[in-house]
Amino acid sequence: MTGHTAQQRSTMLVTGCAVLGLLGSLVGLTVVGAVDQEQGSAPAGFATTLDVRRVPPAFGPWIDRAGRQCAEVSAPLVAAQIQAESNWNPTAVSPARAQGLSQFIPGTWATWGVDAAGKDGDPDPDGVADPFTPGDAIMTQARYDCWLAKKVKKVDAKGDPTRLMLAAYNAGPGAVEEFGGIPPYPETQSYVTKIITSMADFTGSEPAETGGTFGDRVVANAKKWLGTPYSWGGGGPEGPGRGFAQGASTVGFDCSSLVQYAVYHASDGKVLLPRVSQLQVTVGEEVPPAEIRPGDVIGFNLNGSYDHIGIYIGHRQFLHAPKTGDVVKISNLDEPYYANKPQKVRRFR
């Protein structure tokens, strides 16, 4: 809901794979993802091609155009926002008086609303910016998103402007400024995660691997990223992304985001694992290491906690994103570095 201020507070979430140790302090969801704004290109790690089959036909051209307004705002992101805001109902009105496809409250619309008709060769300009007119709503959404992305980048230059922008869209830019990142509001954190994860549903790209058993699909969805750079704090269910700290200049995955991606897409979006390895080894079905099979997730206690995780692919091999400077690759459980470390195996279905 645009311009809405969430009231509830919650503990900030920890993000990032802890191969080099967990962060010493709690951080928000701002550290995951990628942006290449300074180069003027589409955000690295975020898909930009809209799958027009997933949106109402009348809205597709507008969404495609909206996704070309700035680097941080892609067409799949615009579509994911609309679905979350109004579920494609152009006449929607919320209890807080948010209106239309993109759910602008009147005060915000008065500042940002645009009459999109007549631009780029479209006929019949009506001279009225109307939140209930789909073209006006969608193009205003993109305009406002782009402005928010620039504004929040000043708040946290190392954070991911796309996620910060989504937080500002939900809670207001003032809340992002107040907390120096994504506010610790459950509603806002859930909103950001929901939009980012559902972007894949609207992306015109290579489909997820869907054949075979669940374990086979986990392996297949991870294998297609072999050779992708390691990025601490980078990536997620939407794909590779820019991390933070030593991963701030790299678009890729860390160990836990690769596992999160593979399980999420193997389940067709039904299973979203926690972001960090220490929590990933606490969910799913516990499996004795002697009974491990392809597609199982295997966590390693390397430095006093289960700070590394990978995906078993069979024949004593596992696929993982090891460390900064390395890439997603296949290693062997019998390698001395891993062989004698405590391990936990989890299975998902």
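Begin by selecting Asp268 and Lys270, whose side chains meet in a salt bridge with an N to O distance of 3.9 Å. Keep in mind, here and at every later stop, that this is a predicted model. With the surface switched on, Asp268 can be seen to be exposed, and Lys270 is exposed as well. This pair belongs to a set of 10 salt bridges found by a search of the whole structure, and two further members of the set are worth a visit.

Next, select Arg347 and Asp296, which form a salt bridge whose closest N and O atoms are 2.8 Å apart. Arg347 sits in strand E8 (residues 343-347), while Asp296 is in the loop between strand E3 (285-287) and strand E4 (297-301), so this salt bridge ties together parts of the chain that are 51 residues apart in sequence. Are these two residues buried or exposed? Both Arg347 and Asp296 are buried, whereas Asp268 and Lys270 at the previous stop are exposed.

For the third pair, select Asp326 and Lys329, where the side chains meet in a salt bridge at 2.9 Å, again taken from N to O. The two partners can be examined one at a time: Asp326 has a relative accessibility of 15% and therefore counts as buried, the cut-off being under 20%. Lys329, with a relative accessible area of 30%, is partly exposed.

Now leave the salt bridges and display helix H4 (residues 134-153) together with helix H5 (residues 161-171), which pack with their axes 8 Å apart and at an angle of about 115°. The two helices are therefore roughly perpendicular to each other, and the crossing in which H4 passes H5 is right-handed.

Which residues of H4 and H5 meet? To see the contact, show the side chains of Gln141, Tyr144, Asp145, Leu148, Ala149, Val152 and Lys153 on the H4 side, and those of Pro161, Leu164, Met165, Ala168 and Tyr169 on the H5 side. When this contact is coloured by residue class, it has nine nonpolar residues, one polar residue and two charged residues.

Finish at Gln81, which has its place in helix H2 (residues 75-86). Gln81 has a relative accessibility of 0% and so counts as buried. Leaving aside residues up to four places away in sequence, Gln81 touches Gln141, Asp145, Leu166, Tyr169, Tyr191 and Ile195. Among these, Gln141 and Asp145 will be familiar from the H4 side of the helix contact, and Tyr169 from the H5 side.

Key:
Residues are numbered from 1 along each chain as its sequence is written. This is a predicted model: local features need pLDDT of at least 70, side-chain atom pairs count only at pLDDT 80 or more; totals for chains, interfaces and linings use all residues. Side-chain values use heavy atoms; hydrogens and water are left out. A salt bridge is a side-chain nitrogen of Lys or Arg within 4 Å of a carboxyl oxygen of Asp or Glu. Buried means under 20% relative accessible area, exposed over 50%, partly exposed in between (1.4 Å probe, protein chains only). Helices (H or I, at least four residues) and strands (E, at least two) are DSSP runs, numbered from the N terminus. Axes are lines fitted to C-alpha atoms, for helices over the stretch in contact, and angles run from 0 to 180 degrees between N-to-C directions. Angles under 35 degrees count as roughly parallel, over 145 as roughly antiparallel, 65 to 115 as roughly perpendicular and the rest as oblique. A crossing is left-handed if the near helix is turned anticlockwise from the far one by less than a right angle, and right-handed if clockwise. Contact means heavy atoms within 4.5 Å. Ala, Val, Leu, Ile, Met, Phe, Trp, Tyr, Cys and Pro count as nonpolar, Asp, Glu, Lys and Arg as charged, and the others, Gly among them, as polar.
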